[in-house]
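Here are some exercises to work through with the structure open in your viewer. Try each task yourself before reading the solution below it.

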Amino acid sequence: MNPPSPTVVAEAPPETPPRRRPIRLPRDRHAIVDSFFRFQSLFGLVAVFVIAIAVSPVRNGENVFLSSGNLANIVRAVSEIGIIAVGMTFVILIGGIDLSVGAVLGLAAVGSATLMVDSGMGVLPTVLIVLFIGAAFGATQGAIVARLGIQSFIVTLAGLQAARGIARMWSGGLGIPIAYGDGPQEAPESFSVLSGSINGILPVPALLFLAIGVGALLVLRSTAFARHVYAIGGNEKAARLSGVPVRRVRVTVFAIAGLLAALAGIIHAGQLNQGSPNDGAGYELDAIAAVVIGGTSLAGGSGSMGGTIAGALLLGILNNILALNNIDANVQLVVKGLVIVAAAALQKLRPRIA
Amino acid sequence: MTDSPLVRMTGIGKRFGGVHACRDIDLTVRAGEVHALLGENGAGKSTLINILSGVITEYDGAIEVSGRPVSFGGPAGAQRAGIATIHQELDLVAGLSIAENMFLGREPRTRVGTVDIRRMRRQATDHLRTLGADLDPRRLVGSLRVGEQQLVEIGRALSLDARVLIMDEPTAALADAEVERLFATIAELRRAGVGIVYISHRMAEIEVVADRVTVLRNGGVAGSVDPKTASRDDIIQLMVGRSVDALFGEGRNEPGDVLLDVRGLAVTPRRPTPGRTEPAGVDLSVRAGEIVGLAGLMGAGRTELLETLFGAGGSGRRAGQVTIDGRPYRPHGPRTALARGVAFVPEDRRGAGLMLEHSVTDNVVLSALSSMTTLGLVRRQAVRRTVAGELRALAVKAASPAVATATLSGGNQQKVVFAKQLLTRPRLLLLDEPTRGVDIGAKAEIYRLLHQLADNGIAILLASSELPELLSLCDRVVVLHRGRTVAALPRASATQQAILAAANGDDAKEAR
Amino acid sequence: MRYARRAATILALAALVATSACSVEDDPGSSSDASAKCGSGKDFLIGMSQANNAEPYRQVMNDDVTNAAKSVPGFKVVVSDAAQDNSKQVADVENFLSQGINLLIISPNEAKPLTAVVKKAYDQGIPVIVLDRKVEGDAYTAFIGGDNVAIGKAAGEYYAKTLLPQGGKVVEISGLPGSTPAAERAQGFREGIASNPKIEIVASQTAEWLREKGQSVMDAMLKANPDIDAVYSHNDPMAEGAYLAAKAAGKETAIKFTGIDALPVPSGGIKAVEQGRLQATFQYPTGGREAIDLAKKILVDCAKDVPKTTTLGTQQITKENAAEVYTTLGGKQ
């Protein structure tokens with residue numbers, strides 16, 4: 001069509017690299033590399049743990065970081081974020097996000113305090129009602145996402161506002177203190193077990209986190225439900241055409257996230273002896289950070305529960321060792337940011353296994 | 001054609017790790033010639049094309065354009081040298097309009113420097129008209145069907161004023177009428193002196209359109225033939241390295257009772273979607289053990305009909321009666337369809353059929369998971385056994401069931417989709433373009449599989465844009481036009497002409 | 001491969017258990033160090049647990065503590081920021097205990113949730129000075145804080161006698177609902193204006209302590225009450241926000257604004273008074289210097305009897321004394 005151009009174009013440096021072929025490695029090396037990336041967060045956890053021991057201050061000949069009191073503090077401090085992160089992992093695996101979990105935690109904390117202190121309810125009915133509220137709140141969000149096809153980011157952003165609003169209305173805007181005893185305006189003594197520990201070593205919240213983490217790990221490993229979760233995250237349309245009950249799984253996943261956020265809220269109230277509507281602000285972002293450090297892709301379809309648990313612990317140890325060394329609070333924030341980016345960058349390097 | 005060729009590639013080789021993707025390939029493209037490139041998947045076509053289009057910059061051998069040696073630093077360099085490529089996977093931005101896509105990155109400007117939208121639209125319309133496509137350039141590409149998007153791609157290449165045009169399976173998503181128009185365009189380009197590298201799996205097209213055929217096998221040139229003199233069997237033999245007997249089987253069992261019966265099916269969508277043709281009066285029936293073909297032009301509503309029958313179509317008011325085994329059948333979704341023994345292999349394998357990043361196992365078991373679980377827990381042994389058996393039965397070539405499905409070839413990916421659907425033990429199989437993008441060897445295996453399934457009493461409703469495929473495979477061909485069934489041709493009376501006439505609405509003027 | 005995965009899981013669990021159980025011995029055994037060690041010429045580590053560094057008032061409090069500590073030989077202060085999160089503040093204090101601080105200064109985010117951990121420190125024999133917000137019970141060494149009711153009352157009396165002696169319409173912009181200072185500053189103000197029945201509070205809205213919310217709340221209140229005479233704001237930033245809203249409506253001269261806090265920083269209320277945007281502001285003392293004074297008494301002078309509660313007075317800042325107060329409080333120019 002055109003007259004041939006008189007000169008042949010001299011070439012600039014390559015603009016598109018040749019398509020990357022899957023990296024092939026000898027079988028055993030291959031397996032090592034693969035498991036490194038698969039358990040990146042675990043290696044990260046061990047690395048951070050070792051570093052923490054190395055840089056910990058020593059007092060009276062004892063490594064402060066390794067002291068039993070300190071380790072117990074760490075696991076207790078991460079247990080709420082960890083439990084939320086477990087629920088968040090399910091949501092992110094289906095390619096969603098749940099921004100409402102922090103607010104649901106606040107709502108649950110307020111609910112626990114109000115039901116026991118103002119309504120004089122026992123511990124068991126309180127816990128059941130609050131868990132139900134959390135699950136129902138999550139399920140409602142899931143149903144809106146599934147039915148109306150609105151992105152979960154938007155729905156749960158709205159849910160965040162709504163849950164905070166409900167919590168403020170319910171509490172009258174005030175933190176509701178929890179005092180223990182048998183009288184009116186007092187909560188049953190047994191609720192204070194949440195701020196205690198087993199044999200004075202393992203804090204109860206940490207035990208709950210452990211139990212829920214292991215339970216979720218098994219669910220994700222072995223159930224048909226988990227396969228459906230991964231399938232929806234991998235290719236929602238293909239999953240639907242394959243007969244996966246996409247809506248039901250969606251609703252269930254968001255209900256789980258809400259339920260676990262409510263559980264974290266109950267623990268929160270039990271640990272702090274108060275339910276405040278402002279509790280849990282920003283926790284959703286910490287939970288997402290734990291999931292991302294755990295190697296779960298925000299695009300959905302790939303990730304693991306073990307990674308999330310390791311990610312939450314890693315964040316906890318990081319917070320602790322920075323504080324033990326009196327690193328400035330503002331520098332701590334920067335360090336946490338760098339760790340999140342590093343974890344995500346590491347995932348990008350993961351070779352696609354042929 | 002005595003002048004020096006537009007493109008001369010000599011001794012081209014490329015290695016990925018230890019694997020020769022290409023070795024010592026010579027290829028010339030002359031002005032005004034259509035040079036067809038044939039070969040099974042993995043024969044080296046894509047690599048060769050990627051080298052010529054500047055995607056791969058490291059290779060052995062030399063390339064000359066109009067007699068001058070060149071070395072492209074990237075696709076942009078190849079484009080500046082006048083080599084345009086229409087990739088099989090469409091490189092379009094769904095959220096932009098047709099015109100914006102065509103001129104992406106080189107938008108015409110007005111004097112004040114803003115984008116000259118009018119000129120852009122006018123030129124886009126002109127290029128599409130050349131292709132015989134009458135599309136509003138303001139429409140979003142995302143609202144177009146796959147075939148229409150491909151026309152936009154071709155239009156974009158035309159707008160580049162390319163001297164060499166590489167077409168990688170340009171007709172894969174086109175219905176026959178569009179193919180005719182494309183061929184007219186190719187003839188036009190050829191007269192204008194454009195050299196065309198044409199890649200296709202469809203033998204019939206090659207015979208019509210190509211001046212020269214080069215067959216690749218295992219990364220090398222297996223032979224170069226003149227399609228006017230060489231027989232189809234010769235070419236196939238060059239491709240697969242052995243003679244292929246009877247690609248299209250004959251002699252089938254007698255069909256059984258009517259399994260699927262559709263009377264007056266019509267869907268009035270709640271919100272009409274541009275580019276979708278919902279069923280608007282469909283009558284057909286499929287008997288057990290029968291293969292019924294679904295023909296029609298692009299946009300005739302074949303995909304939409306299959307989706308509706310699978311409960312995966314758009315929502316809307318439904319009229320008419322559908323029965324399976326004489327009992328009413330109104331699927332609310334894929335789950336109810338699967339529960340009634342209806343399975344569906346969608347047209348868009350990557351987008352709707354598979355989770356590409358997940359393992360073959362995960363994909364295969366997805367639909368039939370409930371048969372491998374106890375109290376919600378997956379029985380790993382059962383999964384392993386079932387998957388192994390199914391992969392063996394369908395001769396799926398994969399390094400292991402644990403590899404990502406994306407690493408499989410197109411044909412094997414399609415077999416994985418089949419395996420997934422067959423595991424649900426369906427009685428009615430709905431197939432939408434089941435051999436698209438599949439090389440000729442895998443195609444033959446899929447044909448054999450379909451015959452075998454039909455012989456086992458499964459009813460098959462198959463939509464295809466390839467008339468030869470329909471004619472050779474099907475017991476009957478039902479033709480759709482604008483969402484209505486306009487003809488049902490038994491095998492004996494079905495010919496390409498009859499199908500095309502019906503598909504063009506020649507018998508259905510009253511429908512307008 | 002499967003082995004690797006399983007091994008990794010076991011490792012993860014082991015790590016979890018290890019973190020919680022690897023050392024059985026209880027209590028790092030530092031309990032009575034602090035009190036035993038008191039006296040001059042020694043080094044002391046003071047933990048300052050701050051509720052939220054993001055609030056200018058609390059930043060000034062930190063600065064007051066660290067600056068005052070510099071003049072005491074042997075004092076070293078470490079500051080932690082709970083970022084407004086009760087759980088984080090509990091963890092911060094626990095980390096301090098692990099580090100073996102000799103004295104804890106804490107400005108609690110909220111009373112109830114921090115009570116237990118403060119008691120834990122106190123029970124270990126570590127002197128605890130609670131700043132600004134109280135904790136429950138009496139398991140702490142000393143409390144130093146302002147009196148918000150008194151401040152509110154001082155402001156109310158200023159309205160009744162000086163600002164609006166003829167009476168007028170006042171709108172109130174209040175702090176975060178449910179926070180004690182907001183409730184007390186509201187209560188005190190009402191007590192203060194009681195002597196002048198012609199002063200009427202026509203509207204009260206919350207701006208949650210925030211300048212930008214002060215602006216938007218004032219926008220709305222101006223629409224509803226065009227004839228406002230004065231704005232009583234629970235802190236200076238909200239008053240400044242309200243001033244901006246009034247200015248946008250061209251009413252900044254017709255309406256008088258007062259705030260509370262009077263922080264000696266360039267963006268604080270004292271400067272706003274000096275520059276004429278606010279009519280007056282009332283100092284809410286941080287207690288930072290006083291805390292270090294007290295710490296010195298306990299740690300260096302080995303004082304056994306220190307006052308359990310120190311209530312700090314307020315100071316009224318108007319155009320006349322603004323520049324002077326700014327300097328005495330050590331404000332940066």
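The exercises below concern a predicted model, and each one is followed by its worked solution.

**Exercise 1. Getting to know chain A**

Task: Describe the make-up of chain A, and find which residues of chain A have pLDDT under 50.

Solution:
- Start with the secondary structure: chain A holds 13 helices and 6 strands.
- Next, look at burial. Of its 354 residues, 54% count as buried.
- Now turn to contacts with a separation of 6 or more in chain A: residues 24 or more positions apart account for 78% of them.
- Finish with confidence. The average pLDDT of chain A is 87, and 88% of the residues score at least 70. The stretch to flag is residues 1-26, where pLDDT stays under 50. For this stretch the model has 51 contacts beyond four places in sequence.

**Exercise 2. A proline in a loop**

Task: Locate P277(A) and decide whether P277(A) is buried or exposed.

Solution:
- First, place the residue: P277(A) sits in the loop that runs between β6 (274-275) and α11 (283-293) of chain A.
- Second, count neighbours. P277(A) has 27 other C-beta atoms within 10 Å, so it is buried; the cut-off for that class is 20 or more.
- Third, see what P277(A) touches. Leaving out residues up to four places away in sequence, its contacts are G106(A), V110(A), R164(A), A167(A), R168(A), S171(A) and G173(A).
- Last, try a distance: P277(A) and E236(A) are 41 residues apart in sequence, and their C-alpha atoms are 36 Å apart in space.

**Exercise 3. The open sheet of chain B**

Task: Work out the strand order of the 6-stranded open sheet in chain B, and explain why one side of β16 and of β22 is left without a neighbour in the sheet.

Solution:
- Trace the sheet across. Its order is β16-β19-β20-β13-β21-β22, with mixed pairing.
- Check the ends. β16 (342-345) and β22 of chain B stand at the edges and have a single partner strand each, so one side of each has no neighbour in the sheet. From one strand to the next, the twist averages 20°.
- Examine the β16 edge. β16(B) runs parallel to strand β19 (residues 428-432) of chain B, and 4 bridges join them. Here V345(B) stands opposite L431(B) in β19(B).
- Examine the β22 edge. Strand β21 (residues 476-481) of chain B pairs with β22(B) in the antiparallel sense over 6 bridges; L480(B) has T485(B) in β22(B) as its bridge partner.
- Look at the connection: β21(B) and β22(B) make a hairpin with 2 residues between them, and R482(B) in the turn has a positive phi of about 50°.
- Consider burial at this edge too. Strand β22 (residues 484-490) of chain B is mostly covered, with 5 of its 7 residues buried.
- Add the helices. Helix α15 (residues 440-455) of chain B lies across β13 (291-295), β19 and β20 (459-463), at about 145° to β20(B). Helix α17 (residues 496-503) of chain B lies across β13, β21 and β22, at about 25° to β21(B).

**Exercise 4. Two positive phi values**

Task: Compare the settings of D24(B) and S66(B).

Solution:
- Begin with the background: most residues other than glycine have a negative phi.
- Then take the angles. D24(B) has a positive phi near 50°, and S66(B) has a positive phi near 50°.
- Place each residue: D24(B) belongs to strand β2 (residues 19-29) of chain B, while S66(B) lies in the loop between β4 (60-65) and β5 (68-70) of chain B.
- Classify each by burial. D24(B) counts as partly exposed because it has 14 C-beta neighbours inside 10 Å. S66(B) counts as buried because it has 20 C-beta neighbours inside 10 Å.

**Exercise 5. Chain C and the chain pairs**

Task: Find how chain C is divided into domains, and identify which pair of chains shares the most contacts.

Solution:
- Split chain C into domain 1 (27-140) and domain 2 (148-285 + 317-328). Taken over C-alpha atoms, the centres of these two domains of chain C are 32 Å apart.
- Bring in the annotation. An unreviewed UniProt entry lists residues 46-299 of chain C for "domain: Periplasmic binding protein". That span is 46% helix and 21% strand, and its end C-alpha atoms lie 10 Å apart.
- Finally, compare chain pairs. Of the 2 pairs in contact, chains A and B share the most contacts. Chain B and chain C have no contact, and their closest C-alpha atoms lie 12 Å apart.

Key: Residues numbered from 1 in each chain as written. Chains lettered and ligands numbered in written order. Predicted model: local features only at pLDDT ≥ 70, side-chain atom pairs only at ≥ 80, totals over all residues. Buried ≥ 20, exposed ≤ 12 C-beta atoms within 10 Å, placed from the backbone. Contact = placed C-beta atoms within 7 Å. Pairing = 2+ DSSP bridges. pLDDT = per-residue confidence, 0-100. Domains from an automatic or database assignment. Axes fitted to C-alpha atoms, helices over the stretch in contact; angles between N-to-C directions. UniProt positions renumbered as here; feature names shortened; annotations may be inferred.
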